[in-house]
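This report walks through selected local features of one model. Keep the sequence and the coordinates open while reading.

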Amino acid sequence: MKALFNYIKEVLGGFYTLLQGLGVTGKYLFTPWNYVTQSYPENREKLQMFERFRGEVIMPHNENNEHKCTGCGLCELACPNGSIEIISKSILTEDGKKKRIIDKHIYHLGMCTLCNLCVRACPSDAIIMGQKYEHAVYNRSNLTKVLNKPGSKIMEGIKE
Amino acid sequence: MAEYREIIFNSDKIQTDDYFVNIGPQHPSTHGALRIVAKLEGEIVQSIDPVIGYIHSGIEKMCESLSYPQLIHLTDRMDYLSAHMNNEAVCLCIENALQVEVPERVKYIRTIMDELTRIASHQLWWCATGMDMGAMTTFFYGLRDREPILDIFEETCGARMTFNYNVPGGLMFDIHPNFQKRVKDFIRYFRKKLPEYDTLLSGNVIFKERTKGLGVLSKEEAIAWGVTGPSGRASGYSCDVRKLHPYSAYPYVKFEEKLATDGDTFWRYQLRIEEMWESMKIIEQLIDNIPEGDFAVKMKGVIKLPEGEFYQRVESARGEFGVFIVSDGKKNPYRLKFRSPGFSNLFVLNELVKGVKIADLVAIMATLDLVIPDIDR
């Protein structure tokens, strides 16, 4: 008799635990303010990344098309997977001296692991992490970027 | 057990009632590219043979050609769910070798980050375990609560999974001004939500019936196979590195090492839920007392370790994670070996599954909490 009683108790108790679980899901079904999903491609306009978010390496330019990069190559050395290449050229300054400046700062986004070591290594804060998060392209070669804009030159007052 | 290879090549040995089923490498319940060759008799598993190496990426070898600050970012990609602990292990090893004392602030922040990572990892494990046993609901509830943690990480570290937040000598950035508020908000939120986990899955009669007494791992076996973490502690093997060899700010906090004696699937599950409560306790003790100070000590431009061998262990979300560096005095390691918890936890699976049904194999595998890049490295 006791065994039968225990058996019934177990069955009813089992049903009760199932109902408790259903209660939790039911509660959320009827409280729409608890929904957490976002409709992603539609809310693209107002989607704001955190300021430290690491999306890609960028080189900010000011309104006169000037950047801070001296072409010292420390970022190239710090990069663990060779995603930065610095090509420099030498020019003649006004007082007749030879000076090496940056020609191209090549950045391979496809190889980059976004580890932030290049930004840490940069002595003049020339490169920072951008916040772009949609990197899909149709051709792999589009992932190789030249960070300094054409015709840009170095800002005044940046120490070599 | 390489006997399935033998049988396949010598066809006269094939028996009619035994057969082999390949689970994976592309199978959702192996949580990655892991192949399990199961020898079955009817529906009963006789033995299994895990085949690993599908996503072996040679991280240990790669580390030999990288300098010490550079190689840290690779450890994110091994056990991606406990990336902070992996980073910290390498940093602690380098700091111990150079005998650098990091500021107290760094220790506190590292510990808080570790525990947040542990909670996030256990949440994702809870999602996946439920889903492996056919409860799709758990996946959404777990990921909902994981999102605030990932937001905390994103705001302070700049990434959601591969943080690279620890550097030799400290941290990459200081914590974000919102950090403490956000963490406290999360703890308050999660203390309300964690009982829901019990209602949804742990209290569920179907789940209990399926997991209790299944896949029992004895304490002796756990020690013999080197099973650490919650899987080992469920068998009564006290192996918490945070207690046994305290590092960072763990000596300053009070917490319990949760132990169970049964060692079955249900207790491996239950211990992880209890660990989340303990992690929240640790964070609450630390979050208001983060001391002022620098977030990193100034290190040399090129870090060179003295000649010798250095080992550092930390408690990752899955068990004991160790880093062994052999240095010959150059700027990159001569040899670097990782002791990953997943590797030992995977190979005990053969002992656990003898005589269970094939559907239970998935349940046992889920509670071992395998992360395949951690095993393959």
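Where is the place of A:C118? A:C118 sits in helix α3 of chain A. The model is a predicted one.

## A:C118 and its surroundings

A:C118 has a relative accessible area of 9%. The cut-off for buried is under 20%, so A:C118 counts as buried. Its partner across the sequence here is A:L77. The two residues are 41 positions apart along the sequence. Their C-alpha atoms are 8.3 Å apart in space.

## Cysteines without disulfides

How many disulfides are there over all chains? The count is zero. The cut-off is a pair of cysteine sulfur atoms within 2.5 Å. Take A:C72. The closest cysteine sulfur belongs to A:C122 and lies 6.2 Å away, so the pair is too far apart for a bond. A:C115 is in no disulfide either. For A:C115, the nearest cysteine sulfur is that of A:C79, at 6.3 Å.

The accessibility of these cysteines is also available. A:C72 is at 46% relative accessibility, so it counts as partly exposed. A:C115 is at 7%, and therefore counts as buried.

## Helix α6 of chain B

Helix α6 of chain B covers residues 137–157, which is 21 residues. Does its length come out as expected or not, and why? At 1.5 Å a residue, the helix should span 30 Å; its end C-alpha atoms are 30 Å apart, so the two values agree.

The helix also has a kink. A bend of about 25 degrees lies at B:E147. The proline B:P148 follows shortly after the kink. Past the helix comes B:G158, whose phi is positive, near 90 degrees.

## The largest pocket

The largest pocket has a volume of about 980 Å³. Its lining holds 25 residues. Those nearest the centre are A:V36, A:T37, A:Q38, B:R144 and B:E147. B:E147 is also the site of the kink in α6(B).

Which elements give two or more residues to this lining? They are α1 (2–29) of chain A and α6 of chain B. The largest share comes from α6(B), with nine residues. By class, the lining of the largest pocket divides into 14 nonpolar, six polar and five charged residues.

## The second largest pocket

The second largest pocket has a volume of about 850 Å³. It is lined by 23 residues. A:A78, B:P69, B:K300, B:G301 and B:V302 lie nearest its centre.

Three elements are to be named here. From chain A, α2 (74–78) and α3 (117–121) each give two or more residues to the lining of the second largest pocket. From chain B, α3 (68–75) does so. The class split of this lining is 14 nonpolar, five polar and four charged residues.

## Positive phi in two asparagines

A:N65 is not a glycine, yet its phi is positive, about 60 degrees. It lies in the loop between β1 (56–58) and β2 (66–67) of chain A. The relative accessible area of A:N65 is 22%, so it is partly exposed.

B:N164 is not a glycine either, and has a positive phi of about 55 degrees. B:N164 is placed in the loop between α6 and β6 (166–167) of chain B. Is B:N164 buried or exposed? At 2% relative accessibility, B:N164 counts as buried.

## Helices α7 and α15 of chain B

B:K184 is found in helix α7 of chain B, residues 179–202. At 33% relative accessibility, B:K184 counts as partly exposed. B:K184 and B:E284 are 100 residues apart along the chain. Their C-alpha atoms are separated by 7.7 Å.

Helix α15 of chain B spans residues 358–367 and is mostly covered. Eight of its ten residues are buried. Among them are B:D360, B:L361, B:I364 and B:M365. The buried set of α15(B) also includes B:V362, B:A363, B:A366 and B:T367. After α15(B) comes B:D369, with a positive phi near 55 degrees.

Technical notes: Residues numbered from 1 in each chain as written. Chains lettered and ligands numbered in written order. Predicted model: local features only at pLDDT ≥ 70, side-chain atom pairs only at ≥ 80, totals over all residues. Heavy atoms only, no water. Helix = DSSP H or I, 4+ residues; strand = E, 2+ residues; numbered from the N terminus. Expected span 1.5 Å × (residues − 1). Bend = angle between axes of the 7 residues up to and from the residue. Buried < 20%, exposed > 50% of the residue type's maximum accessible area, 1.4 Å probe, protein only. 1 Å grid on protein atoms, 1.4 Å probe; cavity = no way out; pocket = protein on both sides within 12 Å on 5 of 7 lines; lining within 4 Å. Points joined across faces, edges and corners; volume = space filled by probe spheres on them. Nonpolar A, V, L, I, M, F, W, Y, C, P; charged D, E, K, R; others polar.
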